[in-house]
Amino acid sequence: MAVRHQLIRRPPHAVWAVLADPSRYGEWVVGPSTSMPLDQTWPDVGSRLRYTVRLGPWSVDGVTTVRHRESGRELELEASFKSLGTARIFLQLRPWGEDETLVICDEHPLRGLGGTLHNAASEAVFQLRHRGMLARLARLVEQDHAGQDHAGARHA
């Protein structure tokens, strides 16, 4: 199973704000070129997002469903591609010191062809994907904070 972690220089509530915003999904998740909520309750359990992944001239649509949520602490998703099956993505936020968050991402194939073909090579691909995804998430959260600081400084 592919497990990776990332230290983000912001508290858990700032990280959760990005995870809980369905319009930002495509900004931190590696793969989707477009995404849109299918339900207005994201990230409530059972809520879904539809997205498109493009690879050159090919594209595939998928749906991600929230399977578990502990607001501000845990988000567990099931990403589904019709022909490839599903994957479980578990994100855990742990306070780290006073103002930082350790984000732990655990992803593995759950059902279908992806699970059947799961091997060391696909595990390496998951690790590369997580590296990019968690770095994007850190950048977004930390940039949001920097933008708020700038806005506050201009209005002070």
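**Core packing and salt bridges in the predicted model**

Apart from its neighbours within four places in sequence, Val-103 is in contact with Arg-4, His-5, Gln-6, Ile-8, Val-15, Leu-91, Gln-92, Leu-93, Leu-134 and Leu-137. The structure described here is a predicted model. Val-103 also belongs to the largest nonpolar core, a set of 28 residues. Within this core, Val-15, Leu-19, Trp-28, Val-103 and Leu-137 touch the most other members. Two or more core residues come from each of α1, α2, β3 (48–55), β5 (74–81), β6 (85–96), β7 and α4. The largest contribution is that of α4, which gives 6 residues.

The protein contains 4 helices and 7 strands. Along the sequence these elements are arranged as β-α-α-β-β-β-β-β-β-α-α. Of the 156 residues in the protein, 40% are buried. Among contacts with a separation of 6 or more, 46% are between residues 24 or more positions apart. The exposed surface of the protein amounts to about 8800 Å², and carbon and sulfur atoms supply 55% of this area.

Strand β7 spans residues 100–111 and includes Asp-106. Is Asp-106 buried or exposed? Asp-106 counts as buried because its relative accessibility is 12%, and the cut-off for a buried residue is under 20%. The side chain of Asp-106 makes a polar contact of 3.1 Å with the side chain of Arg-88.

Across the whole structure, 9 salt bridges are found. One of these pairs Glu-142 with Arg-9, and the closest N and O atoms of the two residues are 3.1 Å apart. Glu-142 is placed in helix α4 (residues 120–155), whereas Arg-9 is in the loop between β1 (2–8) and α1 (12–19), so this pair ties together parts that are 133 residues apart in sequence. The two partners differ in accessibility: Glu-142 is buried, with a relative accessible area of 18%, whereas Arg-9 is exposed at 56% relative accessibility.

A salt bridge is also formed by Arg-24 and Asp-144, whose closest N and O atoms are 2.5 Å apart. Which parts of the protein does the pair of Arg-24 and Asp-144 tie together? Arg-24 lies in the loop between α1 and α2 (25–28) and Asp-144 lies in helix α4, so the parts joined by this pair are 120 residues apart in sequence. With a relative accessibility of 14%, Arg-24 is buried. Asp-144 has a relative accessibility of 28% and therefore counts as partly exposed.

A further salt bridge joins Arg-48 to Asp-39, with the closest N and O atoms 3.1 Å apart. Both residues are partly exposed: the relative accessibility is 33% for Arg-48 and 22% for Asp-39. Elsewhere, Arg-24, Glu-27 and Asp-144 are joined into one network by salt bridges that share partners.

Definitions and conventions:
Residues numbered from 1 in each chain as written. Predicted model: local features only at pLDDT ≥ 70, side-chain atom pairs only at ≥ 80, totals over all residues. Heavy atoms only, no water. Buried < 20%, exposed > 50% of the residue type's maximum accessible area, 1.4 Å probe, protein only. Contact = heavy atoms within 4.5 Å. Areas by Shrake-Rupley, 256 points an atom, 1.4 Å probe, with all protein chains shown as cover. Polar contact = N/O pair within 3.5 Å; in protein donor to acceptor, adjacent residues only side chain to side chain. Salt bridge = Lys/Arg side-chain N within 4 Å of Asp/Glu carboxyl O. Core = buried A, V, L, I, M, F, W, Y, C linked by side-chain atoms within 4.5 Å.
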